[in-house]
Amino acid sequence: MLSKFTKWAILIIATVVLTLATFSSTIIASATTNTATPSWGSWEDTTITYKTSTSSSYYKGVWKNAVKRWNSVGVVQLKAAKAGQKADITLTSSASLSTKSGKLAGYTNYSYLKKSNDNEIVSATSTLNRSLLSKYHYSKNQRTNVATHEIGHALGLSHSKSKNSVMYASDRYASIDHQDKVALQNAYTD
Ligand SMILES: [Zn+2]
C-alpha cells in the first residue's frame, strides 16, 4: 500500500528509547523550565487504533491507563482495534529486552513518511521493559508514566528538556504536563 507514496515520500523507520531514571524526585520538584515539548510528526487522522499484545493483565492495565491519559487531553482518540483488525499502534512488554546500549525502561519503534511539510506516522510499536521496571522497583503509577511517555512518541512527540514533561528523556516521575498538551494540540492542528 505504501507504493503510491514513493514518488514523493520516503518511509523512514526509527527507534526512540527511554532510559532508567535514578535521580530523586526532589530534583524534579526544583526544576521548573518552560521548554515546549517538540514534535516530529503526526498521524493522518486524530482517531488512531491500538492493540495491547502482552499476555500480562497487569501490563494491559498499565497501557490502558496511559491510553486514558492521552485521550483525556482531547486532541486524539486512541481506540482499541477490533479483533482481527490491524492496529496503528501496538503496545507490548518484554521480559528479555537486551540493554547493551544502556538501561532501557521502554522504547518505541515507528515508521513514517517524510513529507515536505510534516512527517506522517504510519505505524508504531511501544514496548515496556518488564525486567528493568521490576528490578528498579517502579511503582504501577511510575510504569504508567513510562507507558505514557512511549505513547507520546507513538503520537509524534519528541524529548523535552523539561523534567516536568512526560517526554523528558530519563523519566519515571512526570505525567502529561501543560506543555505536552500544547505540543499535541500543535502537532494535530493544521
Ligand atoms: Zn523517549
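Let's start with two histidines in helix α4, which spans residues 140–154. His149 and His153 sit four residues apart in that helix, so about one helical turn separates them. The general rule behind this is that an α-helix has 3.6 residues a turn, so residues three or four places apart point the same way. One reminder before I go on: this is a predicted model.

What coordinates the zinc ion? His149, His153 and His159 do, each through its NE2 atom, at 2.0 to 2.1 Å. If you follow the chain with your finger, the donors show the spacing H-x3-H-x5-H. And are His149 and His153 buried or exposed? Both of them are buried.

Now please look at the loop between α3, residues 130–135, and α4, because there is another histidine there, His137. His137 counts as exposed, because its relative accessibility is 65%. Its backbone is worth a glance too: phi of His137 is near 55 degrees, a positive value in a residue other than glycine.

Let's move on to helix α5, residues 178–187, and to Gln179, which lies in it. Gln179 has a relative accessible area of 8%, so it is buried, given that the cut-off is under 20%. Which side chains does Gln179 touch through polar contacts? One partner is Ser162, with a side-chain contact of 3.3 Å. Another is Asp177, where the side chains are joined at 2.4 Å.

Gln179 has company in α5: Asp180, Ala183, Leu184 and Ala187 are buried as well. Looking down the axis of α5, you find these buried residues within an arc of 140 degrees, so they line one face of the helix. Turn to the other side of α5 and you meet His178 and Asn186, which are exposed. As for what covers the buried residues of α5, the cover includes α2, residues 57–71.

My last stop is the largest pocket, with a volume of about 300 Å³. There are 17 residues lining this pocket, and the closest to its centre are Ser42, Trp43, Asp118, Ala187 and Asp190. Which elements give two or more residues to the lining? They are β6, residues 119–129, and our friend α5. Ala187 is a nice residue to finish on: Ala187 is one of the buried residues of α5, and Ala187 is also among the residues closest to the centre of the largest pocket.

Thanks, everyone, and I'm happy to go back to any of these places on the screen.

Notes: Residues are numbered from 1 along each chain as its sequence is written. This is a predicted model: local features need pLDDT of at least 70, side-chain atom pairs count only at pLDDT 80 or more; totals for chains, interfaces and linings use all residues. Side-chain values use heavy atoms; hydrogens and water are left out. Buried means under 20% relative accessible area, exposed over 50%, partly exposed in between (1.4 Å probe, protein chains only). A polar contact is a pair of N or O atoms within 3.5 Å; within protein, one must be able to donate a hydrogen and the other to accept it, and residues adjacent in sequence count only if both atoms are side-chain atoms. Donors are N, O and S atoms within 2.8 Å of the metal (3.2 Å for Na, K and Ca); water is not among the atoms, so sites may look incomplete. The arc is that of the directions from the helix axis to the C-beta atoms. Contact means heavy atoms within 4.5 Å. On a 1 Å grid over the protein atoms alone, a cavity is a set of points where a 1.4 Å probe fits but cannot get out, and a pocket is an open set with protein on both sides within 12 Å along at least five of seven lines; lining residues have an atom within 4 Å of a point. Grid points are joined across faces, edges and corners, and a volume is the space filled by probe spheres set on the points.
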